[in-house]
Amino acid sequence: MTLTVDTLTVWMNKFADKIETNKQYLSDLDTPIGDGDHGFNMDRGMKAVEEKLSTKPSDLTNGLKTIAMALISTVGGASGPLYGTAFLEMAKKSSSTDNIGELLDAALAGIEKRGGAKPGDKTMVDVWSALVPSVKAGNLTKDKIRSAVDATKDMVAKKGRASYLGERSKGHIDPGSESSGYLFETLLETEGL
Ligand code: ADP
Ligand code: MG
Ligand code: MG
């Protein structure tokens with residue numbers, strides 16, 4: 001449950017791989033309810049993160065800060081600043097704790113503050129708010145991740161581009177929730193975390 005520079009790097013490399021594998025799918029999810037770029041945005045960002053982390057950061061705080069900056073400067077759209085804020089808040093929090101649950105709690109608070117979305121608004125907040133408590137309780141599973149992502153399908157979007165569609169946003173999984181699901185899946189796959 002302790003995040004280190006090494007486990008952070010393994011986690012981010014796994015996340016980057018998963019994003020690359022699924023970039024077309026993520027953009028396809030973003031096509032009916034957005035502008036079809038989410039997977040490409042995230043892939044660009046995570047390639048930059050991988051490149052930055054290929055030089056080992058001096059400590060956890062710097063590692064998290066580096067990730068935040070890479071995402072903010074390369075992802076763009078709505079999701080870039082939101083993922084960037086998540087890692088920036090983790091960086092700030094890491095001066096007082098290296099517990100992954102505490103760090104993710106701070107990240108979620110940052111995403112909510114920055115984007116103003118609440119649970120039920122069909123955004124990545126739905127996945128983060130459903131799963132951070134499980135990380136803290138040490139009982140996160142792939143099934144819980146899948147359920148949290150799939151739960152966005154029948155929601156009506158209240159924030160982001162998908163909200164322009166109102167009721168017609170129903171019936172589609174939220175792309176940022178799917179990519180956030182990958183973040184939690186790869187966390188589960190990271191040994192020692
Ligand atoms: P854009 O919509 O600018 O093209 P992306 O396609 O990369 O950006 O990201 C879209 C995702 O961002 C959505 O699927 C949603 O999960 C997330 N998102 C959008 N607006 C918000 C918000 N206000 N709060 C939280 N998440 C949001
Ligand atoms: Mg988009
Ligand atoms: Mg866009």
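## Starting point: helices and Leu131

A helix here is a DSSP run of H or I with at least four residues, numbered from the N terminus. By that rule, Leu131 is found in helix α7. The model is predicted. Leu131 returns below, in the section on the core.

## Overall fold

The chain has 9 helices and 0 strands. Read along the sequence, the pattern is α-α-α-α-α-α-α-α-α.

How does the chain's radius of gyration fit that of a compact globule? A compact globule of 193 residues would have a radius of gyration near 16 Å, and the chain has 15 Å, so the two agree. The C-alpha trace spans about 45 × 30 × 25 Å along its principal axes.

Of the 193 residues, 49% count as buried. Consider next the contacts with a separation of 6 or more. Residues 24 or more positions apart account for 61% of them.

## The nonpolar core

The largest nonpolar core has 51 residues. Which residues have the most contacts inside it? They are Phe87 and Leu131. Helix α7 gives the most to this core, with 8 residues.

Leu131 is buried because 24 other C-beta atoms lie within 10 Å, and the cut-off for a buried residue is 20 or more. Leave aside its neighbours within four places in sequence. Leu131 is then in contact with Leu140, Lys144, Ile145, Ala148 and Phe184. Phe87, with its own neighbours within four places set aside, is in contact with Leu64, Ile67, Ala68 and Leu71. Ala68 also gives a distance across the model: its C-alpha atom and that of Leu131 are separated by 21 Å, and the two residues are 63 apart along the chain.

## Helix α4

Helix α4 covers residues 60–74, which makes 15 residues. From its first C-alpha to its last it reaches 21 Å, close to the 21 Å expected at 1.5 Å a residue. After α4 comes Gly76, whose phi is positive, near 75°.

The buried residues of α4 are Leu60, Gly63, Leu64, Thr66, Ile67, Ala68, Ala70 and Leu71. Among them are Leu64, Ile67, Ala68 and Leu71, which are the contacts of Phe87 named above. What covers the buried residues of α4 includes α1 (5–21), α3 and α5.

## Helix α6

Helix α6 has 16 residues and should span 22 Å at 1.5 Å a residue; its end C-alpha atoms are 22 Å apart, so the span agrees. Just after α6, Gly116 takes a positive phi of about 70°.

Which residues of α6 are buried? They are Ile100, Leu103, Leu104, Asp105, Ala107, Leu108, Gly110, Ile111 and Gly115. The buried residues of α6 pack against α5 and α7.

## Around ligand 1

How many residues surround ligand 1? There are 24, and the closest are Gly77, Gly115, Thr123, Gly160 and Gly176. Five helices each give two or more residues to this shell: α3 (38–53), α5 (79–93), α6 (100–115), α7 (124–137) and α9 (175–189). Helix α9 gives the most, with 3 residues.

The shell divides into 7 nonpolar, 11 polar and 6 charged residues. Gly115 links two parts of this report: Gly115 is among the closest residues to ligand 1, and Gly115 is also one of the buried residues of α6. Helix α7 has two roles as well. It gives two or more residues to the shell, and it gives the most to the largest nonpolar core.

Terms used
Residues are numbered from 1 along each chain as its sequence is written. Chains are lettered from A and ligands numbered from 1 in the order in which they are written. This is a predicted model: local features need pLDDT of at least 70, side-chain atom pairs count only at pLDDT 80 or more; totals for chains, interfaces and linings use all residues. A residue is near a molecule or strand if its C-beta atom, placed from the backbone, lies within 6 Å of it. Ala, Val, Leu, Ile, Met, Phe, Trp, Tyr, Cys and Pro count as nonpolar, Asp, Glu, Lys and Arg as charged, and the others, Gly among them, as polar. A residue is buried if 20 or more other C-beta atoms lie within 10 Å of its own, exposed if 12 or fewer, and partly exposed in between; C-beta atoms are placed from the backbone. Two residues are in contact if their C-beta atoms, placed from the backbone, lie within 7 Å. The expected span of a helix is 1.5 Å times one less than its number of residues. A nonpolar core is a set of buried Ala, Val, Leu, Ile, Met, Phe, Trp, Tyr and Cys residues joined through C-beta atoms within 7 Å. The radius of gyration is taken over C-alpha atoms; the globule rule is 2.2 Å times the number of residues to the power 0.38.
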